[in-house]
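Here are my notes on the model you sent, set out as numbered points. Please read them beside the sequence and the coordinates.

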Amino acid sequence: MIEINHVSKWYGDFQVLNDCTTHVDKGEVVVVCGPSGSGKSTLIKTVNGLEGFQSGDIKVDNVSVGDKKTNLSKLRSRVGMVFQHFELFPHLSIIENLTIGQIKVLKRPGEEARTRGLKLLERVGLSAHQDKFPGQLSGGQQQRVAIARALSMDPIAMLFDEPTSALDPEMINEVLDVMVELAKEGMTMMVVTHEMGFAKKVAHRVVFMDRGAIIEDCTKEEFFGSPRSERAQQFLSKILAH
Ligand SMILES: Nc1ncnc2c1ncn2[C@@H]1O[C@H](COP(=O)(O)OP(=O)(O)OP(=O)(O)O)[C@@H](O)[C@H]1O
Ligand SMILES: [Mg+2]
């Protein structure tokens, strides 16, 4: 579903991605982790064309992201993205947040969009909040709405960039629970996260990045179990120490 082939990217003289190659098959969950500044956000943003790259190739469902002829807005409407900050429309109610993309981009009739929106709201456990505004919800609730909003567009894959790292600890699990459900249903997911419990539970593979390069790309069993690069070992021992 997602193929990343020898992708490199520079900001001026600084190489932020160094010959990155990996893939996410249909129905697969790939967790991307690594130290701060290693290029995780940059890599995931290249997948739906939010960041360009100078060399290599990325294909999503066989559509080349780097090809100038590719309609990037169309591609983005098919790939859901959830960021650290929820980025809901503050002036729209929750249900309006869930219908606006369906109506404007997918041209769905209002009633159909509303039915789909309400169903997704129920799925993330927030039916009671449909008429509230984002500012009236907790961070965890807003992030669940953001996931429901992405799902309302019937994405072929979902990208997550540290979706729980801005949340208070007690809200992290409610968001992870929604993501675990999604993974179990077979959604194709690429997830930047340091939540190793989530990775252990649902990831098929783990990609570990350091200084712009992918230095581990292996099954979760290999990543958490057998010997691997010293850099990944250091990272894991730090992150699992608490
Ligand atoms: N617009 C930019 N111009 C120049 N350098 C940038 C720009 N955006 C990011 N960088 C640099 O690229 C590197 C990778 O950034 P990126 O945000 O992808 O890292 P990350 O792995 O997601 O880090 P974090 O865990 O802190 O989110 C960093 O060194 C960052 O400072
Ligand atoms: Mg980041």
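1. Strand 1 and strand 2 form a hairpin in which two residues lie between them, and within that turn Gly 12 has a positive phi of about 60°. The model is a predicted one, and that should be kept in mind for every value in this note. The two strands, residues 2-11 and residues 14-24, pair in the antiparallel sense over seven bridges. Where the hairpin turns, Tyr 11 has Phe 14 of strand 2 as its bridge partner.

2. The hairpin belongs to an open sheet of four strands, which run in the order 2-1-4-5 with antiparallel pairing. Strand 2 and strand 5 (63-64) are at the edges and have a single partner strand each, so one side of each is left without a neighbour in the sheet. Strand 1 also pairs with strand 4 (residues 55-60), in the antiparallel sense and over five bridges, and in this pairing Ile 2 stands opposite Val 60.

3. Two residues of this region deserve a look at their backbone angles. Asp 19, which is found in strand 2, has a phi near 55°, a positive value in a residue other than glycine. Its relative accessible area is 41%, so Asp 19 is classed as partly exposed. Asn 62, in the loop between strand 4 and strand 5, likewise has a positive phi, near 70°, and is a residue other than glycine. With a relative accessible area of 62%, Asn 62 is exposed.

4. Is Lys 9 buried or exposed? This lysine is found in strand 1, and because its relative accessibility is 6%, under the 20% that marks the limit for a buried residue, Lys 9 counts as buried. Its side chain is joined to that of Glu 51 by a polar contact of 3.3 Å.

5. Which residues are around ligand 1? They are Tyr 11, Phe 14, Val 16, Pro 35, Ser 36, Gly 37, Ser 38, Gly 39, Lys 40, Ser 41, Thr 42 and Glu 162. Tyr 11 and Phe 14 are thus part of this shell as well as bridge partners in the hairpin. Strand 2 and helix 1 (40-47) each supply at least two residues of the shell, and the largest share, three residues, comes from helix 1. By residue class, the shell divides into four nonpolar, six polar and two charged residues.

6. Several atom pairs between the protein and ligand 1 can be checked directly in the coordinates. A backbone N or O atom of Gly 37 lies 2.8 Å from an oxygen atom of the ligand. In the side chain of Lys 40, an N or O atom is 2.7 Å from an oxygen atom of ligand 1, and for the side chain of Ser 41 the corresponding distance to an oxygen atom of ligand 1 is 2.8 Å. Taken alone, ligand 1 exposes 640 Å², of which the protein buries 57%.

7. Strand 3 (residues 29-33) is largely enclosed by the rest of the structure, because five of its five residues are buried. Both of its faces are covered, with Val 29, Val 31 and Cys 33 buried on one side and Val 30 and Val 32 buried on the other. Strand 3 pairs in the parallel sense with strand 8 (residues 189-192) over four bridges, and it also pairs in the parallel sense with strand 9 (residues 205-210), again over four bridges. Val 30 takes part in both pairings, standing opposite Met 190 in strand 8 and having Arg 205 as its bridge partner in strand 9.

8. In helix 9 (residues 230-239), the buried residues are Ala 232, Phe 235 and Leu 236. They cover an arc of only 95° around the axis, which means that they are on the same side of helix 9. An α-helix has 3.6 residues a turn, so residues three or four places apart point the same way. On the other side of helix 9, Glu 230 and Lys 238 are exposed.

9. Lastly, Ala 128 is found in the loop between helix 4 (110-123) and helix 5 (139-151). Its relative accessibility is 72%, so Ala 128 counts as exposed. The C-alpha atoms of Ala 128 and Leu 118, which are 10 residues apart along the chain, are separated by 10.0 Å.

Technical notes
Residues numbered from 1 in each chain as written. Chains lettered and ligands numbered in written order. Predicted model: local features only at pLDDT ≥ 70, side-chain atom pairs only at ≥ 80, totals over all residues. Heavy atoms only, no water. Pairing = 2+ DSSP bridges. Near = heavy atom within 4 Å. Polar contact = N/O pair within 3.5 Å; in protein donor to acceptor, adjacent residues only side chain to side chain. Areas by Shrake-Rupley, 256 points an atom, 1.4 Å probe, with all protein chains shown as cover. Nonpolar A, V, L, I, M, F, W, Y, C, P; charged D, E, K, R; others polar. Buried < 20%, exposed > 50% of the residue type's maximum accessible area, 1.4 Å probe, protein only. Arc of directions from axis to C-beta.
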